[in-house]
Amino acid sequence: MTELGQRLRQERENKGLSLEDLQKLTKIQKRYLLGIEEGNYEVMPGKFYVRAFIKQYCEAIGLDTDAIFEEYKSDIPSTQTEDMPQQLSRVRSRKEIPQHTKGVSKAYDYLPTVLVVAGVVVVGIIIWVIAQNIVSDKNKEQANQEAPNSEVQQSNTQEETNETTAKNDNSKSEDEQSAADKKEKEKAEKEKAAKEKAEKEKAAKEKAEKEKAEKEKKDSGKQEYKEVQKTGRSATYALSGTDAFNLEVTSTQADTWLDVKNGKGNAFFSSILKKGETKEFDLTKETEARVNIGYSPGVELKVNGKAVDLPFDSSKQVRQVVTIQYQPAEAQ
């Protein structure tokens with residue numbers, strides 16, 4: 001194991017991350033991550049992938065990529081183009097081998113067998129057609145003999161069928177009317193229940209919107225969130241003019257590492273924030289909060305229910321650290 005591999009594994013374990021967690025964050029296969037930690041770069045699909053995978057590994061666990069590449073440059077191979085003339089040579093030699101002559105020879109070997117099987121099939125078809133014609137003639141003769149008796153029986157059966165049909169029609173009409181009435185009643189009850197439910201939901205929604213509007217109106221013009229300073233990938237903001245400090249962090253695009261601590265270094269959360277998950281923190285009793293985001297694209301921050309922008313462009317600065325200094329309104 002190289003010194004770089006030891007450093008990366010130690011930092012990953014300090015973060016409480018397994019190789020499976022890191023695989024989800026970086027989208028790099030576990031065996032390649034293990035190869036980086038053990039310094040076994042031969043498992044990589046190509047040497048030009050080594051630097052790219054190490055860079056993603058560092059960003060996922062919150063290390064400065066440039067500093068790591070400079071400090072451990074002796075452990076990291078430089079990219080190079082791999083030669084493939086030998087492989088191309090093998091491909092050409094295989095294409096030069098004529099294959100069609102072998103297939104033609106084998107086809108001639110099987111020709112007598114094919115002809116014999118075809119002859120047997122043709123004879124079978126002829127016998128089947130003759131047998132079908134004989135059976136058809138016998139059926140016609142039997143039908144001509146039974147026709148007179150069949151007509152009398154059919155007349156009697158038709159009269160009985162008509163009487164039965166008339167009775168069934170009357171019974172069916174009564175049953176259909178009863179079923180229709182029942183169905184109509186059930187439909188009316190469902191519509192009534194749906195209407196009552198919609199009215200209740202509408203009233204609850206209007207009430208919630210009214211309470212929210214009153215709260216926002218009460219806080220408008222008071223809360224102030226302004227930038228204090230920026231340096232590197234870190235930024236500091238000041239929150240004032242409010243008696244509450246509630247923080248929401250949501251990851252909308254992918255899993256990300258999230259670390260939230262107060263000014264004394266006590267951690268409120270230090271783990272993976274999964275895609276679509278939201279974490280809420282009541283920091284009203286704190287004077288400072290430090291938010292460390294490992295993968296900022298798609299991460300949204302809200303302070304007291306109001307969305308605030310990340311300090312840096314997430315496409316250029318993947319990892320970002322936001323420090324919020326809080327001064328309650330009553331203390332001002």
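**Tyrosine 57 and its surroundings**

Student: Leaving aside neighbours within four places in sequence, which residues is tyrosine 57 in contact with?
Tutor: Good place to begin, and please keep in mind that this is a predicted model. Contact here means heavy atoms within 4.5 Å. Once neighbours within four places in sequence are set aside, the partners of tyrosine 57 are Leu8, Arg9, Arg12, Leu22, Leu33, Ile36 and Glu37.

Student: Which helix gives the most residues to the largest nonpolar core?
Tutor: That core has 26 residues, and Tyr57 is among those with the most contacts inside it, along with Leu4, Leu8, Ile36, Met44, Ile54 and Ile61. At least two residues each come from H1, H2, H3, H4 and helix H5 (65-71). With seven residues, the helix that gives the most to this core is H4.

Student: How many residues are in the other core that lies apart from it?
Tutor: Its members include Ala235, Leu258, Ala289 and Ile324. The number of residues in this other core is 24.

Student: Are the buried residues of H2 on the same side or on opposite sides of the helix?
Tutor: Let's start with who they are: Leu19, Leu22, Leu25 and Thr26 are buried in H2. Around the axis they cover an arc of only 115°, so they lie on the same side.

Student: Which strands help to cover the buried residues of H2?
Tutor: Helices take part in the cover too, including H1, H3 and H4. The strands included in that cover are E4 (256-262) and E5 (267-273).

Student: Which helices are included in what covers the buried residues of H3?
Tutor: Helix H3 spans residues 30-38, and its buried residues are Tyr32, Leu33, Gly35, Ile36 and Glu37. Their cover includes helices H1 (3-14), H2 (19-26) and H4 (48-61).

Student: What phi does the glycine that follows H3 take?
Tutor: Just after H2, lysine 27 has a positive phi of about 65°. H3 is followed by glycine 39, where phi is also positive. For glycine 39, the value is near 75°.

Student: Why does isoleucine 125 count as partly exposed?
Tutor: Isoleucine 125 lies in helix H7 (residues 100-219). Together with Val117, Val121, Trp128 and Val129, Ile125 makes a nonpolar surface patch of about 480 Å². Partly exposed is the range between under 20% (buried) and over 50% (exposed). Isoleucine 125 falls in that range because its relative accessibility is 48%.

Student: What share of the protein chain do buried residues make up?
Tutor: The chain has seven helices and 10 strands. Of its 332 residues, the buried share is 26%.

Terms used. Residues numbered from 1 in each chain as written. Predicted model: local features only at pLDDT ≥ 70, side-chain atom pairs only at ≥ 80, totals over all residues. Heavy atoms only, no water. Patch = residues over 30% accessible without salt bridge, like charges linked within 9 Å, V, L, I, M, F, W, Y side chains within 5 Å. Areas by Shrake-Rupley, 256 points an atom, 1.4 Å probe, with all protein chains shown as cover. Salt bridge = Lys/Arg side-chain N within 4 Å of Asp/Glu carboxyl O. Helix = DSSP H or I, 4+ residues; strand = E, 2+ residues; numbered from the N terminus. Buried < 20%, exposed > 50% of the residue type's maximum accessible area, 1.4 Å probe, protein only. Core = buried A, V, L, I, M, F, W, Y, C linked by side-chain atoms within 4.5 Å. Arc of directions from axis to C-beta.
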